[in-house]
Amino acid sequence: MSPSEIPFRPSLAPAETSEHRYIHVVQTKVFIDDRPADDGWERHFLGMHGEVACWGIDVPHGEDPGYGAETDLYSLFGRVDSTEWAVAGRAVQLIEWARTHKFCGRCGEPTVMAQNDRAYQCPACRLMQFPRLSPAIITLVTRGEGDAQQALLARGVNFPMPLYSCLAGFVEPGENLEQAVVREVEEEVGIVVNNIEYVASQPWPFPNSLMLGFRAQYVSGDIVCDTTEIADANWYTREELPMIPGAISIARRLIDDWLLQR
Ligand SMILES: [Zn+2]
């Protein structure tokens, strides 16, 4: 975040203000306007972006308030500042959560909005359903030192372009973040790592992840790809990098930090 950006504060209800921003969520795309396209559509307060009250609006299926001007979050990146992008991602995540928690997961009753929490509550069995965040680790593994140091970059089987990135995976219940790093690297490329260090995190609203970025050091093993997830993986020096992800991804931050490090 640049110092000039206005901070966003998540909250349940708006502060006194005359400024509002409405993030219409059309399936998983957004159309942002300073007034709601339809007062009858369900809305969820997101929080205050400086003096501006931000709302997410659940656009009913088949409606098109922007007349085709809605954009997906990938395309929005870089066209608004990083805080505005994160707020749009929050809108998509919360609206998608609202759409999928209308009934109790335990007893099937229709749920209602809880009073003082961001939660849907079951009036019959009292189950509270909070917005779901799925933590995922992403790791840049290095081996060696100085100019000869290499980083392990891999091409996922589902990547739309032939680019190489850091290794990533979801944290399992019962696991801590360091254990998730060690396990994911071992599972995906057969490498043992240690000296795991946290670098930075990033909300990743595709659909509801929180990416936690790490560095790790090579200990032992040869690359053996899990071909269900990884098409190819190699060690690269700073001089011979393949195509790497764009600035939207924390993978790029991890790689850029490494490039600047020598
Ligand atoms: Zn229930």
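This briefing describes the domains, a sheet, a hairpin, a helix and two individual residues of one protein chain.

The model is predicted, and the protein is divided into domain 1 (8–100), domain 2 (102–131) and domain 3 (134–260). An open sheet of 5 strands in the order 1-4-5-2-3 is described first, followed by helix 3, which covers residues 177–189, and by the hairpin that joins strand 12 to strand 13.

**Domains and the database record**

- The C-alpha centres of domain 1 and domain 2 lie 23 Å apart.
- In an unreviewed entry, UniProt lists residues 131–261 under the name "domain: Nudix hydrolase".
- Over residues 131–261 the chain is 18% helix and 41% strand, and the C-alpha atoms at the two ends of this stretch are 38 Å apart.

**The open sheet and helix 2**

- The sheet is open, holds 5 strands in the order 1-4-5-2-3, and has mixed pairing.
- Strand 1 (8–10) and strand 3 (29–33) stand at the edges with a single partner strand each, so one side of each is left without a neighbour in the sheet.
- Neighbouring strands of this sheet are turned by 30° against each other on average, when direction is ignored.
- Strand 1 runs antiparallel to strand 4 (residues 43–49), and 3 bridges join the two; within this pairing, Phe8 has His49 in strand 4 as its bridge partner.
- Helix 2 (residues 82–99) lies across strand 1, strand 2 (19–26), strand 3, strand 4 and strand 5 (52–58), and the helix runs at about 155° to strand 4.

**The hairpin of strands 12 and 13**

- Strand 12 (residues 192–204) and strand 13 (residues 209–220) run antiparallel and are joined by 10 bridges.
- The chain passes from strand 12 to strand 13 through 4 residues, which makes the connection a hairpin.
- Val192 has Ser220 in strand 13 as its bridge partner.

**Helix 3 and its surroundings**

- Helix 3 has 13 residues and reaches 18 Å from its first C-alpha to its last, which is close to the 18 Å expected at 1.5 Å a residue.
- The buried residues of helix 3 are Ala180, Val181, Val182, Glu184, Val185, Glu188 and Val189.
- What covers these buried residues includes strand 9 (134–143), strand 10 (150–156), strand 11 (167–170), strand 12, strand 13 and strand 14 (230–237).
- Just after helix 3, Gly190 takes a positive phi of about 70°.

**Two residues to compare**

- Val181, which has its place in helix 3, is counted as buried because 28 other C-beta atoms lie within 10 Å, where 20 or more are needed for that label.
- Leaving aside residues up to four places away in sequence, Val181 touches Ile137, Thr139, Val193, Ile196, Phe214 and Ala216.
- Val181 and Ile138 are 43 residues apart in sequence, yet their C-alpha atoms are 7.5 Å apart in space.
- Gln150 lies in strand 10 and counts as partly exposed because it has 16 C-beta neighbours inside 10 Å, a number between the limit of 12 or fewer for exposed and the limit of 20 or more for buried.
- Leaving aside residues up to four places away in sequence, Gln150 touches Thr142, Arg143, Gly144, Trp235, Tyr236 and Thr237.
- Gln150 and Gly89 are 61 residues apart along the chain, and their C-alpha atoms are separated by 34 Å.

Notes: Residues are numbered from 1 along each chain as its sequence is written. This is a predicted model: local features need pLDDT of at least 70, side-chain atom pairs count only at pLDDT 80 or more; totals for chains, interfaces and linings use all residues. Two strands pair if DSSP finds at least two bridges between them. Axes are lines fitted to C-alpha atoms, for helices over the stretch in contact, and angles run from 0 to 180 degrees between N-to-C directions. Two residues are in contact if their C-beta atoms, placed from the backbone, lie within 7 Å. The expected span of a helix is 1.5 Å times one less than its number of residues. UniProt positions are given in the numbering used here, feature names are shortened, and annotations may be inferred rather than shown by experiment. Domain bounds come from an automatic or database domain assignment.
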